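Student: Please take a close look at a single part of this structure. I would like to know where it sits, what it touches and how its surroundings are held together.

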Amino acid sequence: MLSLDRLSAGDGPFRVVAVPVQLPTGSGWVYVATSTIQVDSAVGNLAALFGIGLPLVLVIVVGAVWRAVGQVIRPVDAIRRRASVIGGEDLSQRVPVPDSSDEIASLAVTMNEMLERLEGAALRQRQFVGDASHELRSPLAALQVQVEVALAHPEDPGSALILGNVHGQVVRMSALIDDLLFLARSVEGAPRGSTGLVDLDDLVLSELHRLRELGGPAVELDGVRAARVEGSERDLARLLRNLGDNARDHARSLVSIRLTTTEKSAEISVTDDGDGIRPEDRDRVFERFTRLDDARSRTDLGGGAGVGLSIVRQIVQDHHGTVSIEDRSDSQAGAVFLVRLPLALNGGPSRS
């Protein structure tokens, strides 16, 4: 088969195809010719269409992509602009949350939750500094006045009494500073020091003897069982001391301490026969620098700054336990501070 393209004949170019055939009378050729005008026209039209349409399509696609990217970037840019003006002085602002339910909206919600936590932390820090300054100002002012009186009248026999008062104020201020440093370390997440297995029953008995030596209300041991937990012996002793001092300060005549165990936890209860704590105040008393308006107020001998119970809660949280305030089981006036701590896995109450 032979073919010829672009053969000029007649009104325009033709394409001719010659095919050999075998006939009964002999061999021969069959020729077929067709005009290429329509094909050439179609190809030209298609080329023109692509030449004009392709750039137009590209412009439309680029515009659509630009618009889509702009819709995506616009809320991100709004979040960036708002975040750039939020500073440590004012954390109350929030980044805008787009109406869409995509990842950008989730990011904005997460950033606002983070800002809310930062605002709360900054507020607690400012409150802590203000309360600490207020609590330190009172004993310092008292010390200044008493020292000035003693210096103005060195020959006065009452100077010895003034020095005794000064010593009491110094002891109180030293204890307060110690408490404030403990709380500051808890805010910073500083390590608590060495930890290990601690015999709670030994600490309970030591606290019982300490309270009895201080005098005041009677102190009884309502029961004690061997209990071993894992943690800081120093902090757990401080927990018991704060609970004991709190009960002693507000008890009328009796403080009761008890240590029991369950399958997985040790339970320490410190009970007093004071005025008790209203249910609506039982969470608030564990907040820093909180003092109720009733009998549970500042005492004359040390403490009374409203940080003792907040330290108790912090120590309990550090040891993965819980602390709560309950009514007395005998329906009498008073308060029961109940602390639950998990027993050590490798040294529970089986110790003899």
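Tutor: What follows starts at one loop residue, arginine 328, and then moves outward. This is a predicted model: local features need pLDDT of at least 70, side-chain atom pairs count only at pLDDT 80 or more, and totals for chains, interfaces and linings use all residues. Residues are numbered from 1 along each chain as its sequence is written, and side-chain values use heavy atoms, without hydrogens or water.

Arginine 328 lies in the loop between strand S9 (322-326) and strand S10 (335-342). Strands here are DSSP E runs of at least two residues; helices are H or I runs of at least four; both are numbered from the N terminus. A salt bridge joins arginine 328 to aspartate 330, with the closest N and O atoms 2.8 Å apart. The term means a side-chain nitrogen of Lys or Arg within 4 Å of a carboxyl oxygen of Asp or Glu. Aspartate 330 is partly exposed, at 39% relative accessible area. That class runs between two limits: buried is under 20%, exposed is over 50% (1.4 Å probe, protein chains only).

Arginine 328 also has a partner in the backbone. A polar atom of its side chain lies 3.5 Å from the backbone oxygen of aspartate 272. Leave aside neighbours within four places in sequence, and arginine 328 is in contact (heavy atoms within 4.5 Å) with Thr271, Asp272, Asp273, Ala333, Gly334, Ala335 and Val336.

Now look at S10 and S8. Glutamate 267 forms a salt bridge with arginine 340, its closest N and O atoms being 3.0 Å apart. This pair links distant parts of the chain: glutamate 267 is in strand S8 (residues 265-272), arginine 340 is in strand S10, and 73 residues separate them. Which end of the pair is buried, and which partly exposed? Glutamate 267 is buried, at 18% relative accessible area. Arginine 340 counts as partly exposed, at 31%.

Compare a local pair. Aspartate 77 forms a salt bridge with arginine 80, with 2.9 Å between the closest N and O atoms. Both lie in helix H1, 3 residues apart, about one turn of the helix. Aspartate 77 is partly exposed, at 26%. There is also a network of salt bridges, linking Arg278, Glu280, Asp281 and Arg284. The structure holds 14 salt bridges.

H1 (residues 37-85) also carries valine 65. Its relative accessible area is 47%, so valine 65 counts as partly exposed. Valine 65 belongs to a nonpolar surface patch with Val57, Val61, Val69, Val72 and Ile73, about 480 Å² of accessible area together. Patch members have over 30% relative accessible area and no salt bridge; nonpolar side chains (Val, Leu, Ile, Met, Phe, Trp, Tyr) are joined within 5 Å, like charges within 9 Å. Areas come from the Shrake-Rupley method with a 1.4 Å probe; for residues, only the protein chains shown count as cover.

Last, the whole chain. The protein chain has 6 helices and 10 strands. Buried residues make up 33% of its 352 residues. Of its contacts with a separation of 6 or more, 59% are between residues 24 or more positions apart. The chain exposes about 21,900 Å², and carbon and sulfur atoms supply 57% of that.

How values were computed: Polar contact = N/O pair within 3.5 Å; in protein donor to acceptor, adjacent residues only side chain to side chain.
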